[in-house]
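Here are a few short exercises to work through with the structure open beside you. Try each task before reading its solution.

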Amino acid sequence: MVLRVILLALGVIELLRPRKVVDFWMGLAATNGDEIDMRPWVYSAARVEGVLLVLWALRRGHGGE
């Protein structure tokens with residue numbers, strides 16, 4: 001239940017603000033996070049991932065568990 005809520009929240013944030021989410025994780029993962037240029041499709045992929053997380057969380061909430 002808690003994992004579903006966390007993933008739902010992450011999915012919504014990633015859907016609405018993909019640039020902030022990607023930039024946050026790249027800042028944690030890279031040693032020179034300020035100098036990395038992301039390709040434009042990365043943000044679209046993050047938005048798709050957000051949609052999939054939201055759909056998964058909502059579907060699991062409707063009897064999938």
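**Exercise 1: a charge and a ring**

Find what the charged end of Arg 19 sits over.

Solution. In this predicted model, the charged end of Arg 19 lies over the ring of Tyr 43, at 4.1 Å from the ring centre.

**Exercise 2: helix H2**

Check the span of helix H2, then work out how its buried residues are arranged.

Solution. Start with the length: H2 has 12 residues (residues 18-29), and at 1.5 Å a residue they should span 16 Å. The C-alpha atoms at its ends are 16 Å apart, so expectation and model agree.

Next, list the buried residues of H2: Pro 18, Val 21 and Val 22. These cover an arc of only 95 degrees around the axis, so they are on the same side of H2.

Finally, turn to the face of H2 pointing away from that buried side: Lys 20 and Leu 28 are the exposed residues there.

**Exercise 3: an aromatic pair**

Classify the pair formed by the rings of Phe 24 and Trp 25, and judge how accessible each residue is.

Solution. The count of aromatic pairs is 1. Its ring centres, in Phe 24 and Trp 25, are 5.0 Å apart, and the planes meet at 75 degrees, which is over 60, so the pair is edge-to-face.

For accessibility, Phe 24 has a relative value of 46% and is partly exposed. Trp 25, at 49%, is also partly exposed.

**Exercise 4: the whole chain**

Describe the chain by its helices and strands, and by its buried share.

Solution. There are 3 helices and 0 strands, in the order α-α-α along the sequence. Of the 65 residues, 22% are buried.

Notes. Residues are numbered from 1 along each chain as its sequence is written. This is a predicted model: local features need pLDDT of at least 70, side-chain atom pairs count only at pLDDT 80 or more; totals for chains, interfaces and linings use all residues. Side-chain values use heavy atoms; hydrogens and water are left out. Helices (H or I, at least four residues) and strands (E, at least two) are DSSP runs, numbered from the N terminus. The expected span of a helix is 1.5 Å times one less than its number of residues. Buried means under 20% relative accessible area, exposed over 50%, partly exposed in between (1.4 Å probe, protein chains only). The arc is that of the directions from the helix axis to the C-beta atoms. Rings of Phe, Tyr and Trp (its six-membered ring) pair if their centres lie within 6.5 Å; planes under 30 degrees apart count as stacked, over 60 as edge-to-face and the rest as tilted. A charge sits over a ring if NZ of Lys or CZ of Arg is within 6 Å of the ring centre and within 35 degrees of the ring normal.
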